[in-house]
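Thanks for passing this one along. Here are a few notes to read with the viewer open.

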Amino acid sequence: MSETRIQRETTPPEEPDASQPTVNRPVLIGATAVIAAVTAFCIISPTTAESAFASTVGWATRWFGWFYIALGTVVLVFVLYLAMSRYGRIRLGPEHSRPEFTTTEWAAMLFAAGIGTDLMFFAVNEPVAQFLAPPSASPESVEAAREATVWTMFHYGITGWAMYALMGMALGYFAYRLNLPLAIRSALYPVFGKRIYGPGGTLVDIAAVVGTIIGVATSLGIGAVGLNVGLNLLFDIPLSLGAQIALVTLGIATATVSAFSGVDRGIKVLSMLNLYVTIGLAFYILVTGRTSFLLNAIVLNLGDFVRLFPEMTMQTFAFQDNGDWLATWTLFFWAWWVAWSAFIGLFLARISRGRTIREFVTGTLILPFTYTVMWVTIFGNAAIDQVRQGNTDFGELASSSPENGFYALLQEHPAFFLIAFLATAAGLLFNITSADSGALVMANLSSHLRHVQQDGDRRLRVFWALLTGALTVAVLSVGGILALQYATVIMGLPFAVVLVLVMVGLAKALRVEAAREDARAGFVPGLLSRRGGYPERDRPLPWKSRVRRVMHFPGRDDASSYLHTTAQSALTEVVEELRGHGADATLRLTESALPGDAPPSPGPTGEALDLHVPIGVGATPFRYRISHERLRAPVYGRLSVEGDDYYSRLEVFLSEDGQGYDVMDYSHAQLIDDVLDQYEQHLEYVRLHESSGG
């Protein structure tokens with residue numbers, strides 16, 4: 001074996017922190033500096049800040065309103081096309097990956113992260129406001145009543161979630177399938193290439209962190225004010241700054257504790273609890289209110305939504321004097337959705353590894369929208385019914401004060417104390433999950449993660465949670481929440497451009513994916529006819545040996561030994577032969593295996609053989625990587641030889657993603673055959689890609 005052919009990258013076993021994430025200092029320092037400046041502006045001169053930010057929002061909506069309206073429609077059409085096309089089968093991860101969370105758990109985290117206390121309160125406020133002052137119908141008419149709830153469903157509906165789906169799908173694809181960092185900049189790789197690792201990519205991630213913390217702080221502030229109203233009605237706690245600060249502190253403290261539990265326990269448990277509480281609350285309003293009216297209204301609203309959606313989605317009121325209404329409602333919502341797309345999109349990607357694009361888009365659009373329809377139609381129609389029955393005081397209160405209107409509606413139903421207590425608890429859980437998921441996203445964005453299944457350091461998550469709480473308390477103290485709300489919307493304009501670039505980049509990447517699929521479909525393997533198994537030309541394994549191979553779960557030492565002997569020898573021979581024919585082939589060996597006393601956690605260990613062959617200028621190089629992966633042992637088999645719940649696989653990764661098969665126990669000749677099959681297939685892909693003008 002020629003040692004000169006192998007580039008060795010070794011991390012000594014005695015460095016257990018080599019696999020731990022590190023802080024991305026430019027993003028951390030830059031984002032903290034911007035947040036400090038915005039906070040200082042809001043504290044020193046809240047009136048001036050509010051006025052300046054409001055003017056900027058007015059300018060953006062006046063000159064770019066058409067762009068926001070068109071963007072929302074284009075994004076929705078784009079994600080629906082991807083889901084229904086051939087690309088819908090592509091997984092957000094290697095082909096063998098499967099979802100980490102059940103559909104129920106996933107749905108709970110979807111709506112808990114993307115829906116906050118604003119929907120809880122505005123599901124009463126907006127329908128009443130649209131009924132009393134509709135954009136085109138006569139006020140307080142039957143037509144206004146029918147459209148009021150539909151406008152609310154539209155503003156909280158599938159268009160906004162399509163923006164979340166686009167960002168989440170792009171981040172999941174580039175991170176889990178192409179092994180790029182789980183960061184906003186990765187979604188721009190097909191457009192800007194390696195320049196995403198420079199100052200431009202850093203600025204994008206800084207903007208994402210700033211938008212996230214300002215958006216979360218705004219939601220926490222709005223939620224604190226609303227929950228204070230509930231506590232005042234329940235326990236006579238005064239409407240005061242102290243009570244609101246206490247609510248923010250409670251939410252941040254719980255989020256801090258949850259940060260040490262991880263996504264699979266902290267956020268998941270809180271999300272599931274919130275889902276059950278809010279569904280129970282909506283069902284209670286349905287059965288204790290005018291049930292037959294509400295059921296009829298739900299069906300009517302759904303029909304009206306289908307009928308009116310095509311008109312609403314492109315409505316700019318160009319021939320009507322409704323610019324103020326459009327800026328106050330649709331454009332404000334669209335800018336808010338865009339501003340939050342980085343935060344929610346990254347969180348959705350984090351919890352959606354292993355799902356196909358079709359599953360992801362379908363679930364992201366339908367599951368939260370189903371919840372929105374349930375909540376808005378029940379509470380919105382119940383509120384409109386109160387106004388139509390002559391309760392004008394309620395109408396004025398609900399249209400001017402969302403939180404007071406919400407609790408006033410609850411007072412019209414039996415057992416007010418119980419349902420108000422549950423609603424307040426649900427609002428607090430919304431605040432906690434927003435702070436928790438926000439801290440996770442900001443920690444990930446401000447970290448260098450070693451692999452895509454890793455999260456930022458828990459201490460960094462605590463730092464961002466505490467900073468979010470401090471920002472919320474500081475701005476609440478001077479009454480600057482509205483200024484922060486405007487600041488969040490302002491962040492939407494540059495991110496609207498980012499969304500366009502993300503669509504371009506994702507479309508380019510998926511075209512390449514399609515070319516690879518075409519290459520596979522048109523290529524007949526010359527040697528290995530059954531990938532993931534043994535060649536048919538070889539003598540079949542005795543059946544007892546086949547059973548042993550299926551049921552055997554090798555340990556770390558077995559996999560490491562095979563990698564350093566059989567695999568290294570076979571790939572070295574391939575490299576030497578290719579170099580003999582003029583190819584600049586290289587083989588890199590990484591040996592940063594986990595220390596002997598390290599916990600056998602799942603994921604890549606750092607051990608890998610990486611064969612690299614440049615093809616030509618502009619063409620994708622060939623890559624064949626054998627990576628040592630640690631996975632949970634299936635329930636049907638014995639534990640690994642090490643006696644723990646994990647076993648080792650030597651999985652093959654090509655240029656684009658993992659292939660989902662294990663080469664452990666391949667013979668020397670079989671492994672060479674597999675490499676050459678993949679190499680021939682890659683050359684066929686390059687030929688097809690070039691002939692199609694790619």
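**Notes on aromatic pairs and buried helices**

1. Let me start with F305, which is buried, at a relative accessible area of 7%. Please keep in mind that the model is predicted. The partner to look at is F369, also a buried residue, with a relative accessible area of 13%. Both values fall under the 20% cut-off, so the two residues count as buried.

2. How are the rings of F305 and F369 arranged? Their centres are 5.1 Å apart with 40° between the planes, and the pair is tilted. F305 belongs to helix α11 (residues 291-313) and F369 to helix α14 (residues 357-388), so this contact joins distant parts of the chain, 64 residues apart.

3. The two phenylalanines are not on their own. Ring pairs tie F305 and F369 into a cluster with W151, F154, F309, F317, W325 and W334. If you want the wider picture, searching the whole structure gives 30 aromatic pairs.

4. Another pair worth a look is W161 with W337. Their ring centres lie 6.2 Å apart and the planes meet at 65°; an angle over 60 degrees counts as edge-to-face, so that is the label for this pair. Here too distant parts of the chain are linked: W161 sits in helix α6, W337 in helix α13 (residues 330-351), and 176 residues separate them. W161 is buried, with a relative accessible area of 0%, and W337 counts as buried at 5% relative accessibility.

5. Staying with helix α6 (residues 158-177), I would point you to Y176, which lies in that helix. Is Y176 buried or exposed? Its relative accessible area is 3%, so Y176 is buried. A polar atom of the Y176 side chain lies 3.4 Å from the backbone oxygen of A349. Y176 and S97 are 79 residues apart in sequence, while their C-alpha atoms are 9.4 Å apart in space.

6. For a contact between a charge and a ring, see R355 and W106. The charged end of R355 sits over the W106 ring, at 4.2 Å from the ring centre.

7. Finally, helix α17 (residues 416-445). Its 30 residues reach 43 Å from the first C-alpha to the last, close to the expected 44 Å at 1.5 Å a residue. How much of α17 is buried? Of its 30 residues, 25 are buried, so α17 is largely enclosed by the rest of the structure.

How values were computed: Residues numbered from 1 in each chain as written. Predicted model: local features only at pLDDT ≥ 70, side-chain atom pairs only at ≥ 80, totals over all residues. Heavy atoms only, no water. Helix = DSSP H or I, 4+ residues; strand = E, 2+ residues; numbered from the N terminus. Buried < 20%, exposed > 50% of the residue type's maximum accessible area, 1.4 Å probe, protein only. Polar contact = N/O pair within 3.5 Å; in protein donor to acceptor, adjacent residues only side chain to side chain. Expected span 1.5 Å × (residues − 1). Phe/Tyr/Trp six-rings, centres within 6.5 Å; stacked < 30°, edge-to-face > 60°. Lys NZ or Arg CZ within 6 Å of the ring centre and 35° of its normal.
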